[in-house]
Amino acid sequence: MSAHTTRTSPRRDIGHYVNDTLRDRYFAACDVLYAMGAPARSETDVETSFGTTHVYRYGPADPADDSRTPVVLIHGSGGCSAQWYPNTPGLSAERPVYALDTPGDPGRSVHREPMWQPERAAQWLDEALDALGLDRVHLVGSSYGGWLVLNQAHRKPGRLASVTLLDPGGLEKVGLRFFTWIFVSLFATFAPKALRTRLASWLEQPVLVVPELRAWIQASVRAFRIRRPAPLPLTEDELRGIRTPLYLVLGKRSLLVHPKRQLERVPRLVPGARAEIIADTGHGPAIDHPDLLNVRMLSFMEDIDSFGPTTDRGDADA
């Protein structure tokens, strides 16, 4: 046997942590955010064809509500389920809530096989929901998670009671203006404290003025390497084929999509879709206005469970 141990290099198509030390620092930053949200009732890992998916479960205050159709949360790129800390208290007060760490992003899931392709992404999510024993869910996704949710409604809608898209991917090709905003925002996290409030307003970036979010983002960028391309948008024919009740929330100053364009386009293409623009926010409506979004998401889900989808279009002043 050789005296030297062979070290395996990370696969180029699999997201990975740089090293254990940076991973553990990132997990510590995540745990600070989790502590700011609702306490998880349980954590579990479920196996899929693409790796192990780590899941947080939050329970309603009234045990009688445990039987209600649960909410499943899918976070954005470069983060994990800690993103949902402003939303878990309000959502889990009324329904069971499951928050999934997407394999390929910096969370506690273990990524083993690539799943950036649309058909593989839909297979992963369907397998995860099946492993959790969830036959019917209200699926909520933000940013890249919005693309995953929209893709699920197109490819594997069987388990879906509804989908809610929060300033999502999947509607337009990701443009230079969004990548520029991401780069400048990341650079701004290292700016002197005296400048952060002004930069946060200019960039529509709440992470700059919330110390716990700022530390989380910085730890994520240092610790993890994402290995997937930006997803392509669904075609108009694919959107026309969606029959799952859909609620689209857009930030008025979003740089990922053109809000007014999608406010008109999505309800025109997706039968019965509800769409609205939230003022005073850019790409993070659920973080900027969690109480407002929680109420509206829960109202939409109640409509679906009780009466079926309703249609509502227009601007809302947050």
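Trainee: Which residues of H3 are buried?

Mentor: A helix is read residue by residue, asking of each whether it is buried. In H3, the buried residues are Ala121, Ala122, Trp124, Leu125, Asp126, Ala128 and Leu129. Please keep in mind throughout that this is a predicted model.

Trainee: What covers the buried residues of H3?

Mentor: One looks for the elements in contact with them. The cover includes five strands, namely S2 (42–48), S3 (51–58), S4 (71–74), S5 (97–100) and S7 (137–142), together with helix H4 (144–155).

Trainee: How should I compare the span of helix H3 with what it should be?

Mentor: The general idea is to take 1.5 Å a residue and to set the result against the distance between the end C-alpha atoms. Helix H3 covers residues 118–131, which makes 14 residues and an expected span of 20 Å. Its end C-alpha atoms are 20 Å apart, so the two values agree. Just after H3, glycine 133 takes a positive phi of about 75°.

Trainee: What does the same reading give for H4?

Mentor: For the 12 residues of H4, the expected span is 16 Å, and the end C-alpha atoms are 16 Å apart, which agrees. As for burial, 10 of the 12 residues are buried, so H4 is largely enclosed by the rest of the structure. Among them are Tyr144, Trp147, Leu148, Asn151 and Gln152. The cover over the buried residues of H4 includes S4, H3, S7, S8, H8 and strand S10 (246–251).

Trainee: Where do aspartate 126 and arginine 159 lie, and how do their side chains meet?

Mentor: The general idea comes before the case. Side chains of opposite charge can pair when their charged atoms come close. Here, aspartate 126 and arginine 159 form a salt bridge, with 2.9 Å from N to O. The pair links distant parts of the chain, 33 residues apart: aspartate 126 is in helix H3, whereas arginine 159 is in the loop between H4 and strand S8 (160–166). Aspartate 126 is among the buried residues of H3, and arginine 159 is buried too, with a relative accessible area of 15%.

Trainee: How many salt bridges does the structure hold?

Mentor: The structure holds 22 salt bridges. Another of them joins arginine 112 to glutamate 47, with the closest N and O atoms 3.3 Å apart. This pair also links distant parts of the chain, 65 residues apart: arginine 112 is in the loop between strand S6 (110–111) and H3, and glutamate 47 is in strand S2.

Trainee: Are arginine 112 and glutamate 47 buried or exposed?

Mentor: One reads the relative accessibility of each residue. Arginine 112, at 41%, counts as partly exposed. Glutamate 47, at 51%, counts as exposed, because the cut-off for that class is over 50%.

Trainee: How many residues apart are glutamate 236 and arginine 240?

Mentor: They are 4 residues apart, about one turn of the helix, and both lie in helix H8 (residues 236–240). Their side chains meet in a salt bridge of 3.4 Å, N to O. Glutamate 236 is partly exposed at 31% relative accessibility, and arginine 240 is partly exposed at 37%. Elsewhere, salt bridges that share partners join Arg68, Arg95, Glu302 and Asp305 into one network.

Trainee: Which side chain of opposite charge is nearest to aspartate 65?

Mentor: It is that of arginine 68, 4.6 Å away; aspartate 65 is buried yet has no salt bridge. Aspartate 65 is placed in the loop between S3 and S4. Leaving aside its neighbours within four places in sequence, aspartate 65 is in contact with Pro60, Ala93, Glu94 and Pro96.

Trainee: With which side chain does that of arginine 274 make a polar contact?

Mentor: The partner is the side chain of aspartate 303, at 2.9 Å. Arginine 274 is found in strand S11 (residues 274–278) and is buried, with a relative accessible area of 8%. Alanine 273 lies in the loop between helix H9 (259–269) and S11; at 1% relative accessibility, alanine 273 counts as buried. Alanine 273 is 29 residues from threonine 244 in sequence, and their C-alpha atoms are 8.7 Å apart in space.

Trainee: How many helices and strands does the chain have, and what share of its residues is buried?

Mentor: The chain has 11 helices and 12 strands. Of its 318 residues, 56% count as buried. Among contacts between residues at least 6 apart in sequence, 76% join residues at least 24 apart. The chain exposes about 14400 Å², of which carbon and sulfur atoms supply 53%.

Key
Residues are numbered from 1 along each chain as its sequence is written. This is a predicted model: local features need pLDDT of at least 70, side-chain atom pairs count only at pLDDT 80 or more; totals for chains, interfaces and linings use all residues. Side-chain values use heavy atoms; hydrogens and water are left out. Helices (H or I, at least four residues) and strands (E, at least two) are DSSP runs, numbered from the N terminus. Buried means under 20% relative accessible area, exposed over 50%, partly exposed in between (1.4 Å probe, protein chains only). A polar contact is a pair of N or O atoms within 3.5 Å; within protein, one must be able to donate a hydrogen and the other to accept it, and residues adjacent in sequence count only if both atoms are side-chain atoms. Contact means heavy atoms within 4.5 Å. Accessible areas come from the Shrake-Rupley method with a 1.4 Å probe; for residues, only the protein chains shown count as cover. The expected span of a helix is 1.5 Å times one less than its number of residues. Lys and Arg count as positive and Asp and Glu as negative; His and the chain ends are not counted. A salt bridge is a side-chain nitrogen of Lys or Arg within 4 Å of a carboxyl oxygen of Asp or Glu.
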